[in-house]
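Biologist: I have a new model open and I'd like to learn how to read it. Could you walk me through it, one feature at a time?

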Amino acid sequence: MLAVLFIKMKWWKENRTSNGAVIRQEYYKPIKMEDGVNLSGNGVFVVKCQYHQHGETIYSDWEASDQLDKKLYKEYLGKAFTASDERKHKSAVRRKNAIQKSKGAFYEIENIDIPCIKIHEEPNNCYCIQWQDCGLLPRRRGGNKDFYKSYKKSTKLMGQPNTLNETAFILEEGKAGVLRYNTRCISFDDQWYECYYVYMVHEKVLTQDIFVRTYDYEYNQLAYL
């Protein structure tokens with residue numbers, strides 16, 4: 001069974017400092033799953049953790065949503081429940097369900113929504129993890145080092161810029177790999193940065209600490225931001 005831990009970190013230009021990077025680094029580490037998460041099901045098991053950095057503080061999507069729900073609850077106190085309140089309530093329920101699902105849920109392999117990553121189920125109980133260049137800016141560096149050589153943590157395409165549809169690694173049962181990549185985002189009035197860590201483990205049985213382990217393969221598509 002394939003288990004995936006997707007970690008996304010978002011920060012702004014003012015946090016583009018060495019101290020800001022040190023703070024972010026603590027949140028890229030693999031985590032144990034929370035108590036009560038259902039570990040029985042079919043398909044690929046996916047956990048999603050998304051963070052936002054503001055100065056020296058980092059908030060998760062879960063924490064931000066909890067704060068919003070508490071604010072809405074206070075607004076309901078002492079007032080009649082209107083159609084507008086009903087819409088807010090339904091939105092809060094959907095948000096709560098989405099947060100619960102992000103803590104661990106099973107997906108069909110074609111429905112896994114992780115930027116630039118494609119997963120194929122291969123014969124002999126293997127998973128092919130493929131990097132797809134999806135237009136991330138700026139120009140990429142890194143890639144596979146020597147996948148076909150003896151050193152198991154690297155692959156042969158290291159240094160080739162913007163390689164399309166590159167096999168990051170192939171996971172046999174009992175193996176694990178991690179992908180790291182980043183990007184710079186620009187809008188009309190703002191600029192921000194995002195970094196992604198994707199941990200993948202192929203084991204017979206899921207456990208709460210399945211992601212806390214040594215990783216056999218490492219794949220980087222990183223840019224200087």
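Modeller: Sure. Start with confidence, since this is a predicted model. The chain has an average pLDDT of 79, and 69% of its residues score at least 70.

Biologist: Which elements have the lowest and the highest mean pLDDT?

Modeller: Helix α2, residues 61-76, has the lowest mean, 52, while strand β1, residues 2-12, has the highest, 95.

Biologist: And how should I treat the weak stretches?

Modeller: The general idea is that where pLDDT is low, the predicted coordinates should not be read in detail. Here, pLDDT stays under 50 over residues 67-73, and the model gives that stretch 5 contacts beyond four places in sequence. Residues 145-152 also stay under 50, with 19 such contacts in the model.

Biologist: Let's move on to strands. How do β5 and β6 run relative to each other, parallel or antiparallel?

Modeller: A general point before the case: in a regular strand the side chains alternate between the two faces of the sheet. As for the pair you ask about, β5 (residues 117-122) and β6 (residues 126-131) run antiparallel and are joined by 6 bridges. If you want a register mark, K118 stands opposite Q130 in β6.

Biologist: What sits between those two strands?

Modeller: The hairpin has 3 residues between its strands, and N124 there takes a positive phi near 60°. N124 is not a glycine, yet it has that positive phi.

Biologist: Is N124 buried or exposed?

Modeller: N124 is exposed, because its relative accessible area is 74% and the cut-off is over 50%.

Biologist: Where else should I look for a positive phi?

Modeller: Try C116, another residue that is not a glycine, with a phi of about 70°. C116 lies in the loop between β4 (105-107) and β5. C116 has 7% relative accessibility, so it counts as buried.

Biologist: Last topic: pockets. How do I find empty space?

Modeller: Rolling a probe the size of a water molecule over the atoms shows where empty space is left. In this model the largest pocket has a volume of about 330 Å³. It is lined by 16 residues, and W11, R24, N182, A223 and L225 are the closest to its centre.

Biologist: Which elements supply at least two residues of that lining?

Modeller: α1 (18-25), β9 (176-186) and β10 (191-202) each do. The largest share, 3 residues, comes from α1.

Biologist: And what classes of residue make up the lining?

Modeller: The lining has 9 nonpolar, 3 polar and 4 charged residues.

Notes:
Residues numbered from 1 in each chain as written. Predicted model: local features only at pLDDT ≥ 70, side-chain atom pairs only at ≥ 80, totals over all residues. Heavy atoms only, no water. pLDDT = per-residue confidence, 0-100. Helix = DSSP H or I, 4+ residues; strand = E, 2+ residues; numbered from the N terminus. Contact = heavy atoms within 4.5 Å. Pairing = 2+ DSSP bridges. Buried < 20%, exposed > 50% of the residue type's maximum accessible area, 1.4 Å probe, protein only. 1 Å grid on protein atoms, 1.4 Å probe; cavity = no way out; pocket = protein on both sides within 12 Å on 5 of 7 lines; lining within 4 Å. Points joined across faces, edges and corners; volume = space filled by probe spheres on them. Nonpolar A, V, L, I, M, F, W, Y, C, P; charged D, E, K, R; others polar.
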